[in-house]
Structures are given as structure tokens and as C-alpha cells.
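User: I would like to go through some of the assignments made for this model and see what each of them rests on.

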Amino acid sequence: MLNTFQQASHQILPQATADEAARQEFAKSFKGFIQSTLLPGLTPVYNTRVAKAFEKEHGRAPQDRRDIRSGMVKDFYFQHYAASNRIAQELLWESVNVSVDRQLPELIERARELSASTKAKLVIPEDFVPPRYVTAFDIHCMPGGYCSEVTKDDVAVGALYDRGVFLYSMGYTGPNNDDMGRSVCNYLRRHAPDFKPRRILDMGCTVGHSTLPYKEYFPDAEIWGIDVGAPCVRYAHARAAGFGLEVNFAAMNAEETTFEDGYFDLVVSHILLHETSGKAMPRVFAEAHRVLAPGGMMIHADLPPFDLMDPFTQFILDNETWYNNEPFWGAMRDMDQIALAEKVGFDRSAVKFDTAPMAVMEFAAAAEGYSQQAAEDVAERDFTAGEFAPGGGWEVLIARKAEAAALAA
Ligand SMILES: C[S@@+](CC[C@H](N)C(=O)[O-])C[C@H]1O[C@@H](n2cnc3c(N)ncnc32)[C@H](O)[C@@H]1O
């Protein structure tokens, strides 16, 4: 089926020429073709020849994703699938990069104007150093990663992410790429209708896609989006101003923020954790606990743990680790997040691990996760839609910091 979802324009979104738009559309459609046509072919290939060959060689059936991978990597069909996937990914970023480079001076100027038009804060300390697990390579093959700056007030990688991630998700996270933030807001609306956070922190906000729904849902709250990518938060600040939303952004490490103890009532993140590291993730949890007020909530929307799925699905998903510069993708899914949350002080009885899939990983179901109406008409914000569509691919870890009395006891 032809995917006709289009990204909503906004004041700082890079504009594509007809040729650029055609290349971008091709990259998006190529990804769609791989998902809908090549990917399903892996199961019969595995069942009819790879599993049998493995059994013949080892005298036993493949047991886990590593066994499956060791057989599949030798298979021509899998090689073809994996190579196509990688090429589609590289094409996607390249198709956007050309367009961002062409208009970078205008984008920088527009970002300056938009940022100057808002009272919201933008904090980028001159001596800020992002962690090595973010700068050492280009995560998910995105040229320049999240932190590269080659000119003053650079916003290039922010613009690249904004447009590129729409193509990456093939539009299934909505016209503003904001399905994850909207979904967590909807989760709160349904399950904690009386919860009215005074201050909200979005960790690893990139360009603020998921941050802005919180301002719409909690208009009186003071909201901060933080990220280690300075050009991303610079872009995020301008983008939010373009939407007329007063949201503060800062270049800050979620492992060690500069906020005072107990400052926030709600700390959220959306697909941050799997892009950190085994050492950083516990520190992010500990920092969330520190900056939360008693009774405050921490919600991380990210990848479901591997033990919730069969080995073949694990193998398919783990291809991101091997071929898409996502080194922590698989390892993160093997970690016990509930135990981690408990270790940093969250009370087990207050920790909830919901299998609450929403959008992206299983593209067919993702459309159900986002309001079709909202996808077609940005002006029509439907806050009853977009709550973790069944069959989607994300889950949320929800933890509540104990109330003051319990903390004192
Ligand atoms: C996949 S993106 C998140 C997308 C974003 N939350 C959204 O919903 O649109 C991951 C982000 O986490 C950021 N990041 C990684 N480690 C971080 C850390 N320790 N502190 C803050 N941000 C971090 C990266 O720079 C990147 O922008």
C-alpha cells in the first residue's frame, strides 16, 4: 500500500526542491518496500533452509538469536536484505543532507530570529562536552551524529534529524514526529488524570519532537528539554518558538544535570536509553530520581526487552546493532530495567513496567497508534489517539518516587 503520509511544514523545517523531494520520497518508499516485501521473506528462508543447515552442522536446533544469526549471515537472501536496508538508510540521510547543506545559512538565520522571539530559555554552555558514546560514531548512520558543529550557531544536524527521522519512521510517528510524546501524554491523561506536574524534564529531547506535546497537554508547566547535542537543542528552541510554544532547552547530560534536587514532578524520555550505554543508563535513572520531587514520576518510552519476544524476532531486531550503528540496541534490551530503577531508589511497588507498544517498529500497526485524522490534518490535534497501538514496538517503564513521608521513614 502506498504510504502518503507527509510531514507538516513549520518555520524552520528545511524545504526540498522538486529533485530533493523526489530523492527523499524514493528513500522513504525504498524503506517501505524492504519492510513490506523483503523482510517477510526472512521467515521462510530461515525455516526451510537456514535452521535445517544449522541443525545438520551442529547436531541441534538453533536456540537463541546468536545461533540464528550465525546461520542467517551465510544466506544470500539475508545478505541481500541486510545490504538493502543499509543502503536505504544511507540514501535517506544523504537525500536530506543535500537539501540541508544548500540552505544552511538561511536555516541558521531563521533559527536566530525564532529563538530571539521567545521568552523560553536556551542554555548551551561553551565548555559543554558530550559523552563519547554519542560522539564516537554516527548513530543510526546519521552523518555528523547529534553533536557535529562546523559553523557558528550551527543547526544542520538538528534539521537533518527533523526531516530525516520522518522518512526513517516513514511518517508513522505523525506529521510532527511527535507520536511518542503524545502517547505518553495520553497515557497520563487516561491513567493519571489528576496528575498536574508543575515542572517537566524531557531527557534526550533531540529537536523536541516529543517534548512539545507536554506543553500542549500541560500548558502551565515549566518544561525543559535537554540533550547532549548542542545543535539539536538550538534547532529545538527555534522550532518550538515557531509553533508558539514556550519550552526551555539546554545542552546537558542526562547522567548529570544542573537542576536542583526535587525540581521536577515528571521526568520523561523517548528512545533515549538505547542510545546511551551500560554505564550511563543506571546513571540516567539515578539522576531522574534525584531531580524528581517526592511522588514524582519517571517515564521512559523505549525498546521492549528481548525476553518478551521469540528468538527469531530478537534476531531481526538485533540487526540494528550490527548494521545500523546502534551498539547498545541489543544490550539494552537484555538489561533488567526494573531492577535498575529499584537500585537507584524507586520503590518496587511503585515501579510499573508496561508492555505498551506504540508506533515505528511494526509499521503496519503503527498507523493505528497515531490518529489518522491528525496525520492528515495537523490543525486537528486529537489527544484521545496515539496511545501505544497494540502490535507496535515501544514499551514504557514507569516509576514513581516515594512520597515525602515514605522517604523520611
Ligand atoms: C533517538 S534520539 C531521541 C529522540 C527524541 N527523544 C524524540 O522523541 O524525538 C536520542 C537522543 O538522546 C541524546 N542523548 C544520548 N545520550 C544522552 C545523555 N546522556 N544526555 C542527554 N541526551 C542524550 C542524543 O543526543 C539524541 O539526541
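User: What makes the pairing between the ligand and the side chain of threonine 206 a polar contact?

Analyst: In this predicted model, an oxygen atom of the ligand is 2.8 Å from an N or O atom in the threonine 206 side chain, and because a polar contact requires such a pair within 3.5 Å, the term applies. The side chain of serine 210 also has an N or O atom 2.5 Å from a ligand oxygen, while a nitrogen atom of the ligand is 2.8 Å from a polar backbone atom of glycine 204. The protein covers 99% of the 600 Å² of accessible area that the ligand has on its own.

User: Why is the pair of glutamate 25 and lysine 28 called a salt bridge?

Analyst: The closest N and O atoms of glutamate 25 and lysine 28 are 2.9 Å apart, and the cut-off is 4 Å, so the pair qualifies. Both residues lie in helix α1 (residues 18-38), where a spacing of three residues puts about one helical turn between them.

User: Why is lysine 28 called buried, and what makes glutamate 25 partly exposed?

Analyst: Lysine 28 has a relative accessible area of 3%, and because buried means under 20%, that residue is buried. Glutamate 25, at 25%, falls between the 20% and 50% limits, and is therefore partly exposed.

User: How do you know that aspartate 75 and arginine 49 form a salt bridge?

Analyst: Their closest N and O atoms are 2.7 Å apart, which is within 4 Å, so the term holds. This pair links distant parts of the chain, with aspartate 75 in the loop between α3 (65-72) and α4 (76-116) and arginine 49 in helix α2 (residues 42-58), 26 residues apart.

Methods
Residues numbered from 1 in each chain as written. Predicted model: local features only at pLDDT ≥ 70, side-chain atom pairs only at ≥ 80, totals over all residues. Heavy atoms only, no water. Polar contact = N/O pair within 3.5 Å; in protein donor to acceptor, adjacent residues only side chain to side chain. Areas by Shrake-Rupley, 256 points an atom, 1.4 Å probe, with all protein chains shown as cover. Salt bridge = Lys/Arg side-chain N within 4 Å of Asp/Glu carboxyl O. Helix = DSSP H or I, 4+ residues; strand = E, 2+ residues; numbered from the N terminus. Buried < 20%, exposed > 50% of the residue type's maximum accessible area, 1.4 Å probe, protein only.
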